[in-house]
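Me: Could you walk me through this protein structure, one question at a time? I am new to this, so please take it slowly.

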Amino acid sequence: MNKTYLPNKDTLEQQWYVVDAANQRLGRLASEIAAILRGKNKPTYTPHMDTGDFVIVVNAEKVMVTGKKRSQKIYWRTSQRPGGMKTETFAQLQARIPERIVEHAVRGMLPKNSLGRSLFTKLKVYAGPDHPHAAQKPQALKINTIPGEE
């Protein structure tokens, strides 16, 4: 009988990837990023371990949504006080804090436990085209989120 291989922390190699979010669809982009953060693109994937890679997202201010989501999609936050709920649309949040849109979408696709919280720390999102992680030598990762285009 064969034993199941379990990777240990010493044998795991974590890479850094740069994803350009300009003119990409938000949901499809977020699901691909979440899979890379979890490590589902590797043969050593283990559901209860952090086997994923680091992901840097640039140009978060240029991410797109389809349909009327730009004006109808609502992001809300609360202070936990009576009357403390604040809401804003996709367009308002994109103008104010564009990084939060991508972070919110990816966080919703990660596990809702301590593993998910630790995986989320490996996501770095920046509004513009520049990032301070050049020392990690990240590789460019092409994600195609528009159906029918190559």
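**A charge above a ring**

Reply: Happy to! This is a predicted model, and we can begin with a lysine: the charged end of K122 sits over the ring of F54, 5.5 Å from the ring centre.

Me: Which residue lies over the face of F120, and at what distance from the ring centre?
Reply: Here we look for another charge over a ring, with 6 Å from the ring centre as the limit. The residue over the face of F120 is R107, and its distance from the ring centre is 4.0 Å.

Me: How many aromatic pairs does a search of the whole structure find, and which residues form a pair?
Reply: The search covers the whole structure and finds 1 aromatic pair. The centres of its two rings are 4.3 Å apart, with 5° between the planes. Planes under 30 degrees apart count as stacked, so this is a stacked pair, formed by W16 and F54.

Me: How many residues apart are W16 and F54?
Reply: W16 belongs to strand β1 (residues 16-20), while F54 belongs to strand β2 (residues 54-58). Their pair therefore links distant parts of the chain, and the separation is 38 residues.

Me: Is W16 buried or exposed, and what about F54?
Reply: The cut-off for buried is under 20% relative accessible area. W16 has 15%, and F54 has 18%. Both values fall under the cut-off, so W16 is buried and F54 is buried.

Me: In what order do the 4 strands of the open sheet come?
Reply: Let's start from the edges, where β5 (123-125) and β6 (139-141) each pair on one side only. The pairing in this sheet is parallel, and the order is β5-β2-β1-β6.

Me: Which residue in β6 stands opposite V19?
Reply: β1 and β6 run parallel and are joined by 3 bridges. Strands of a sheet pair through backbone hydrogen bonds. Opposite V19, in β6, stands L141.

Me: Which strands does helix α1 touch?
Reply: Helix α1 covers residues 26-38 and packs on the sheet. Its direction makes about 155° with that of β2. The strands it touches are β1, β2, β5 and β6.

Me: How far apart are the end C-alpha atoms of α1?
Reply: We can work out what to expect: α1 has 13 residues, and at 1.5 Å a residue they should span 18 Å. The expected span uses one less than the number of residues. The model agrees with this, as the end C-alpha atoms are 18 Å apart.

Me: Which residues of α1 are buried?
Reply: An α-helix has 3.6 residues a turn, so residues three or four places apart point the same way. Keep that in mind as you find these in the picture: the buried residues of α1 are L26, L29, A30, I33, A34, I36, L37 and R38.

Me: Which residue follows α1, and what is its phi?
Reply: Go to the end of the helix at residue 38. The residue that follows is G39, whose phi is positive, near 95°.

Me: Is K137 buried or exposed?
Reply: K137 is placed in the loop between β5 and β6. Exposed means over 50% relative accessible area. K137 has 68%, so it is exposed.

Me: How far apart are the C-alpha atoms of K137 and Q15?
Reply: Along the chain, K137 and Q15 are 122 residues apart. In space, their C-alpha atoms are separated by 8.8 Å.

Note on methods: Residues are numbered from 1 along each chain as its sequence is written. This is a predicted model: local features need pLDDT of at least 70, side-chain atom pairs count only at pLDDT 80 or more; totals for chains, interfaces and linings use all residues. Side-chain values use heavy atoms; hydrogens and water are left out. Rings of Phe, Tyr and Trp (its six-membered ring) pair if their centres lie within 6.5 Å; planes under 30 degrees apart count as stacked, over 60 as edge-to-face and the rest as tilted. Helices (H or I, at least four residues) and strands (E, at least two) are DSSP runs, numbered from the N terminus. Buried means under 20% relative accessible area, exposed over 50%, partly exposed in between (1.4 Å probe, protein chains only). A charge sits over a ring if NZ of Lys or CZ of Arg is within 6 Å of the ring centre and within 35 degrees of the ring normal. Two strands pair if DSSP finds at least two bridges between them. Contact means heavy atoms within 4.5 Å. Axes are lines fitted to C-alpha atoms, for helices over the stretch in contact, and angles run from 0 to 180 degrees between N-to-C directions.
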